[in-house]
Amino acid sequence: MTTDSAVLFQPFQMGALTLRNRIVMAPLTRNRAIHGTDVPQALNAEYYAQRASAGLIISEATQISPTAKGYAWTPGMYSAEQVAGWKRVTDAVHAKGGRIVAQLWHVGRISHPSLQPQGAAPVAPSAIQPVGQKTFVESNEFVDIGMPRALELAEIAAIIADYRMATKNALAAGFDGIEIHAANGYLIQQFLCDGSNQRTDNYGGSIENRMRFALEVVDAVMAEAGADRTGIRLSPVTPSNGALDSDPAAVFFPLVHELSKRKLAFVHVIEGATGGPRDMQGFDFHALRKTFSGAWMVNNGYTKEMAVEAVSSGYADLVAFGRAYIANPDLVERFRADAALNEFERRGLYGGGVEGYTDYPFMGQA
Ligand code: 8OZ
């Protein structure tokens, strides 16, 4: 290795947030909120606090409303109890000098009537069923995703208001900022992609119209948190959850240009297929980076060596690690010491308690 890994341990000013290094804990769905209320519990605070030496923690995806939920036992950001639960988490992270932003989420069509209020069909830009997708319900099974219901115009406005309220709640819960989850085939990406959006009103058709929902969400979040505490996660070429667009570059270049105009603190990109192959399918992420003036955060299968290269070359400011953070609470210290990493295991990945969650050893522990 010719490049010096010290670049990873340099502080970084991301908008209003001073981060102590370039290593980010990626948002990770772990399905451990309190059953029935979707409230974060003490175990969640312990898990995040274990990982507080990251330059930044991004919370697991958190639903902005009951309708925004797509999986069993994911946490919410819309009730007073949820805000109180999250306050325990942010307090525990801050007590260790860490920084944490909330990832706000609406799943759109990636849900199931058993997870929806009144057992209703999930909502989406258009009534188009995603092909071959499943979700995880409370009976502990993966079930097929059915036909969603197309949102009425007034409902779209209400969802934007939900994002704004959830942002207010996240700030009240002590979060340092917001990451808008616009990736992985959930509601915002469903509006962006022509494979899931066939609306004929102002929210469908042209690129400008398909971007409208995303930008209205961004504006609503910024109105509460400020641009300097707002970021967004994008996955231009992921096939996750049936995200499908005939020409991703035609959508994501103008979108990132708009985000840059708004002076968003950061853009977080998943390069390739989420949690899978880093095949960029001809999409030029380096060119996309050049259209954005704020911080650039990259993710997907990075090793320490790849992270050093991405940061020292000037392409990325920050690198987010998912699986490595599941298995290594002290990932920063291990990188610094050039120590071996714990192997990621699937046990307890989605749902359960301590096992596979807070029981991965720190360096020097058995
Ligand atoms: C894994 C399982 C359930 C949800 C994503 C929030 O893909 C998720 C997710 C990941 O963004």
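In this predicted model, helix α5, spanning residues 207-225, lies across strands β10 and β11. Relative to β10 (177-181), the helix runs at about 170°. Strand β11 covers residues 230-234 and pairs with β12, residues 266-270, in the parallel sense, with four bridges between them. Within that pairing, L234 sits opposite V269 of β12.

Zooming out, these strands belong to a closed barrel of eight strands, in the order β3-β4-β5-β10-β11-β12-β13-β14, with parallel pairing. Going from one strand to the next, the twist averages 25°. Counting everything, the protein has ten helices and 14 strands.

Now to the ligand. The residues around the ligand are T29, A61, Y71, W105, H181, N184, Y186 and Y350. Two of these residues, H181 and N184, put polar side-chain atoms close to ligand oxygen: for H181, a polar side-chain atom lies 2.7 Å from an oxygen atom of the ligand, and for N184, a side-chain N or O atom is 2.7 Å from a ligand oxygen. On its own the ligand would expose 300 Å², and the protein buries 79% of that area. H181 also ties the ligand back to the barrel, as β10 spans 177-181 and is one of the barrel strands.

As for overall dimensions, the C-alpha atoms fill a box of roughly 55 × 45 × 35 Å along the principal axes. The radius of gyration is 19 Å, which agrees with a compact globule, because one of 366 residues would be expected to come out near 21 Å.

How values were computed. Residues are numbered from 1 along each chain as its sequence is written. This is a predicted model: local features need pLDDT of at least 70, side-chain atom pairs count only at pLDDT 80 or more; totals for chains, interfaces and linings use all residues. Side-chain values use heavy atoms; hydrogens and water are left out. Two strands pair if DSSP finds at least two bridges between them. Helices (H or I, at least four residues) and strands (E, at least two) are DSSP runs, numbered from the N terminus. Axes are lines fitted to C-alpha atoms, for helices over the stretch in contact, and angles run from 0 to 180 degrees between N-to-C directions. Contact means heavy atoms within 4.5 Å. A residue is near a molecule or strand if one of its heavy atoms lies within 4 Å of it. A polar contact is a pair of N or O atoms within 3.5 Å; within protein, one must be able to donate a hydrogen and the other to accept it, and residues adjacent in sequence count only if both atoms are side-chain atoms. Accessible areas come from the Shrake-Rupley method with a 1.4 Å probe; for residues, only the protein chains shown count as cover. The radius of gyration is taken over C-alpha atoms; the globule rule is 2.2 Å times the number of residues to the power 0.38.
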